[in-house]
Amino acid sequence: QVQLVESGGGLVQPGGSLSLSCVVSGPTFSMSGMGWFRQAPGKEREFVAVIRWRGRNTLYGDSVKGRFTISGERNKNAVTLQMNNLNPDDTAIYYCAAAKATTIWSEYVRERGYDKWGQGTQVTVSS
């Protein structure tokens with residue numbers, strides 16, 4: 001059974017940093033990249049970032065550009081999200097996801113571009 005396991009969430013003060021990690025385990029399957037989404041209380045799930053294995057292209061949501069950095073190791077099926085200059089609006093459950101092998105570039109910002117998800121890790125930004 002394929003599993004995506006996130007780690008690294010927690011409580012941080014405004015202006016602080018956190019690093020989230022996600023590792024895929026289980027049977028080998030084909031994916032075009034790995035990404036992160038987040039969901040704050042009472043809000044819809046929001047695209048955060050993705051790294052596509054081919055070309056190692058990255059894409060970020062507007063609200064995190066310049067503050068978050070995604071990196072990954074294809075041969076390890078692992079991805080990291082470095083989050084800097086955090087603010088209370090970044091408080092959410094962060095989900096790691098594996099993109100479908102057939103996902104096209106424009107679909108990486110949408111949930112339907114992904115077919116495997118982690119359970120999520122809580123990030124709270126508060127003083």
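**Figure 1. Arg56 and its exposure.** Arg56 counts as partly exposed because its relative accessibility is 44% (buried means under 20% relative accessible area, exposed over 50%, and partly exposed in between, with a 1.4 Å probe and protein chains only). The model shown is predicted: local features need pLDDT of at least 70, side-chain atom pairs count only at pLDDT 80 or more, and totals for chains, interfaces and linings use all residues. Residues are numbered from 1 along each chain as its sequence is written, and side-chain values use heavy atoms, with hydrogens and water left out. Arg56 sits in the loop between β5 (46–52) and β6 (57–60). Strands here are DSSP runs of E with at least two residues, helices are runs of H or I with at least four, and both are numbered from the N terminus. Arg56 is not a glycine, yet its phi is positive, at about 55 degrees. Most residues other than glycine have a negative phi.

**Figure 2. Asn85 in its loop.** The loop between β8 (78–83) and β9 (92–99) holds Asn85. What is the sign of phi at Asn85? The value is positive, near 50 degrees, in a residue other than glycine. With a relative accessible area of 48%, Asn85 is partly exposed.

**Figure 3. The whole protein.** Eleven strands and zero helices are found in the protein. Along the sequence the pattern is therefore β-β-β-β-β-β-β-β-β-β-β. A compact globule of 127 residues would have a radius of gyration near 14 Å, and the protein agrees with this because its own value is 14 Å. That radius is taken over C-alpha atoms, and the globule rule is 2.2 Å times the number of residues to the power 0.38. Taken along the principal axes, the C-alpha atoms fill a box of roughly 40 × 30 × 25 Å. Of the 127 residues, 43% are buried. Contact means heavy atoms within 4.5 Å; among contacts between residues at least 6 apart in sequence, 57% join residues at least 24 apart.

**Figure 4. The surface and its charges.** About 6700 Å² of the protein is exposed, and carbon and sulfur atoms supply 45% of this area. Accessible areas come from the Shrake-Rupley method with a 1.4 Å probe, and for residues only the protein chains shown count as cover. There are 14 positive and 10 negative side chains, and the centres of the two sets lie 7 Å apart. Lys and Arg count as positive and Asp and Glu as negative, while His and the chain ends are not counted. Each charge is placed at NZ of Lys, CZ of Arg, CG of Asp or CD of Glu.

**Figure 5. The nonpolar cores.** A nonpolar core is a set of buried Ala, Val, Leu, Ile, Met, Phe, Trp, Tyr and Cys residues joined through side-chain atoms within 4.5 Å. Which residues touch the most other members of the largest core? They are Trp36, Leu81, Met83 and Tyr94, in a core of 29 residues. At least two residues of this core come from each of β3 (18–25), β4 (33–39), β5, β7 (68–73), β8, β9 and β11 (121–125). A second, separate core has seven residues, including Phe37, Val50, Ala99 and Tyr114. Apart from its neighbours within four places in sequence, Met83 is in contact with Gly16, Ser17, Leu18, Leu20, Arg67, Phe68, Tyr94 and Val123.

**Figure 6. Leu18 in strand β3.** Leu18 lies in strand β3. Is Leu18 buried or exposed? Leu18 is buried, since its relative accessible area is 15%. Not counting residues up to four places away in sequence, Leu18 touches Gly8, Gly10, Val12, Leu81, Gln82, Met83, Leu86 and Val123. Val109 is 91 residues from Leu18 along the chain, and their C-alpha atoms are separated by 22 Å.

**Figure 7. Leu11 in strand β2.** Strand β2 (residues 10–12) contains Leu11. With a relative accessible area of 63%, Leu11 is exposed. Its contacts, leaving aside neighbours within four places in sequence, are with Thr124 and Ser126. The C-alpha atoms of Leu11 and Val123 are 6.1 Å apart, although 112 residues separate the two along the chain.

**Figure 8. Val5 in strand β1.** Val5 belongs to strand β1 (residues 3–7) and is partly exposed, at 46% relative accessible area. Ser21, Cys22 and Val23 are touched by Val5, not counting residues up to four places away in sequence. Val5 and Cys96 are 91 residues apart in sequence and 7.7 Å apart in space, C-alpha to C-alpha.
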